[in-house]
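Here is a short tour of a protein chain, written for someone meeting its architecture for the first time. Keep the picture open while you read.

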Amino acid sequence: MTRAPWSLRRRLVVGIVALLAVLAIVVGTISVVALRQNLLTRLDEQVVASLSFGGGPVVVPSNPGSGSGSGSSGSDGSGQSGSGSSGSDGSGSGSGESENDSGPQRRVGNLTVLILDDVIVRAEYVGDDGVQKTLTIAQVQSLVDAGLSATHPSSVQLSGLGEFRAAERSRDGVRLIVAQSQDEVTKTTLDLTLIFVLVTLAALLLAAVAGTIIVRLALRPLGRVAATAKRVAELPLAGEAEIRERVPEGDTDARTEVGQVGSAFNTMLSHVEDALRARQASEERLTRFVADASHELRTPLASIRGYAELSQRVPGDLPPDVSRSLDRIESESVRMTSLVEDLLLLARLDSGGMLRREEVGLGMIVADSLADAHVTAPDHRWLLELPEEGEVELIGDPGRLHQVVVNLLANARTHTPAGTTVTVEVLSEGDEAVLRVGDDGPGIPADLQPKLFGRFVRGDDSRSRVAGSTGLGLSIVQAVVDAHHGSVTVVSEPGATVFEVRLPLTQPETATQPETAQTAPETTKEAADSSSATS
């Protein structure tokens, strides 16, 4: 399953927070490391200062064997040191804490080891409670084996006590080792790390909230541009030549990135509007031309047909070739009249007129049309299914609805072989009247179905009139149904083709315009008469 992409707002906020987190980690790490190094340096200075206390020779107590830190003390650490620490000035104290600073300072974590001729004279450590404790032989051995320097203290790990910074000074067979615990340095470093982590988390949370607000405010102009684009995308541009939607002027400042997008979008909308106007003007000119040409052709076609019929009524027998020619003239004039009437009807429907509003019984229209189709094509099997609850009444133009039914039946008759069963069903579903015309013929090619209701679309691309198809029948169905605010669809596969027309039972007041009394009956009658040649 593909993860949904992140929005620009989320990416910006996450990017800002991630960048701040990286910076905080770098700064925090450098600060903690620098602080630890500084504390260790200061601790080393204290250790070196304690080691070189007084600057004189190292002197040991007069009775080195009396201290508990003697080599015989072992690792049991029994007793407090009774010997005074030796100072470089040669004076000794009988107590462990000298009041005249005769030895290294006694502080918590301070460690002192004095070895005379490989004999441990003193090995003391001041614990966290301030009490001096004796080091074990293993602890002293760790210090002795560390290879300590007098000027550069090193870290030594003592079992049970932790890590110390230690230095050693040797002179005249006397080895003095001074060390200081690193516990305070470690504790300070950990405390600072914890503070940095807490402060960083709080700062990142604050940055995420503030970043979300700032990014949201910064992206508002882009959101308005996107909202305008969405509204334009939802506009029904078919038949429209004006797009009133525009990006607000405040979001078209070319000095900003969003302003550049908004300005370009407005320019694009202007170009689209110009193209729509040009298209609409072209369609209007074409519609007027078709309507005018169709209207002008009706009279000469009627005259041609009339003269052909009149010539055949002349007393006496006409030569066979003349009679055949007159029959052809009459049949072609009928076909041309049908084509002209279809074009004129489409032109009038495109202009928004040609519909009447009255109560219509759809079942009666279908029954009459089906009876005519049965007479026209007796080699087909025609079936009618009407609702048991009675007639389906709707508001519409009876002449135009009759033409819809006739054209659908003519299409089924024309494009299916003899013996095909055509089933017409009428029913009511909710607030819609439904008309279905189905057949068990060969079906409609899949590539033809999307453009089936276009004008001059036929089952084959040739200009042959063998099947009597002009390619306008289904386009008239589409136009009439659209004028009634309905819909027409087709589902086809080999052996099953179904055209479905859905019409609202009522029509809005502005949906139709009354038709003139002179034009409507004539057009309706002629269209119905000629529909047998239209598919």
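Let's start with a sheet of 6 strands, which is open and has the order β3-β2-β1-β6-β5-β4, with antiparallel pairing. Please keep in mind that this is a predicted model. At the edges of the sheet you will find β3 (132–134) and β4 (154–158), each of which pairs on one side only. From one strand to the next, the twist averages 30°.

Zoom in on one edge: β2 (residues 119–126) and β3 run antiparallel and are joined by 3 bridges. Within this pair, Val126 has Gln132 in β3 as its bridge partner.

Now look for a second sheet. Here 5 strands form an open sheet in the order β8-β10-β11-β13-β12, and the pairing is mixed. The words parallel and antiparallel describe the two ways in which strands of a sheet pair through backbone hydrogen bonds. The edge strands are β8 (381–385) and β12, each pairing on one side only. Neighbouring strands in this sheet are turned by 15° against each other on average, with direction ignored. Between β10 and β11 there are 8 bridges in the antiparallel sense, and Leu427 has Val434 of β11 as its bridge partner.

Several helices lie across these strands, as the table shows.

| Helix | Strands it lies across | Angle |
|---|---|---|
| α1 (residues 8–51) | β5 (162–171) and β6 (174–181) | about 35° to β5 |
| α2 (residues 137–144) | β1 (110–116), β2, β4, β5 and β6 | about 160° to β4 |
| α8 | β8, β10, β11 and β13 | about 20° to β11 |

What about the interior? The largest nonpolar core has 44 residues, and Leu408, Leu409, Leu435, Leu452 and Phe499 have the most contacts inside it. Elements giving two or more residues to this core include α6 (320–350), α8 (398–414) and β13 (496–504). The largest share, 7 residues, comes from α9. Why does this core lie between two domains? Domain 2 (238–353) and domain 3 (355–458 + 470–504) both give residues to it.

Leu408 is a good residue to click on: not counting residues up to four places away in sequence, Leu408 touches Leu435, Val437, Leu474, Val477, Phe499 and Val501. There is also a second, separate core of 17 residues, including Leu135, Val140, Val156 and Phe164.

Finally, an unreviewed UniProt entry annotates residues 12–35 and 192–215 as "transmembrane region". In the model, residues 12–35 are 100% helix, with end C-alpha atoms 34 Å apart. Residues 192–215 are also 100% helix, and their end C-alpha atoms lie 33 Å apart.

Conventions. Residues are numbered from 1 along each chain as its sequence is written. This is a predicted model: local features need pLDDT of at least 70, side-chain atom pairs count only at pLDDT 80 or more; totals for chains, interfaces and linings use all residues. Side-chain values use heavy atoms; hydrogens and water are left out. A nonpolar core is a set of buried Ala, Val, Leu, Ile, Met, Phe, Trp, Tyr and Cys residues joined through side-chain atoms within 4.5 Å. Buried means under 20% relative accessible area, exposed over 50%, partly exposed in between (1.4 Å probe, protein chains only). Helices (H or I, at least four residues) and strands (E, at least two) are DSSP runs, numbered from the N terminus. Domain bounds come from an automatic or database domain assignment. Contact means heavy atoms within 4.5 Å. Two strands pair if DSSP finds at least two bridges between them. Axes are lines fitted to C-alpha atoms, for helices over the stretch in contact, and angles run from 0 to 180 degrees between N-to-C directions. UniProt positions are given in the numbering used here, feature names are shortened, and annotations may be inferred rather than shown by experiment.
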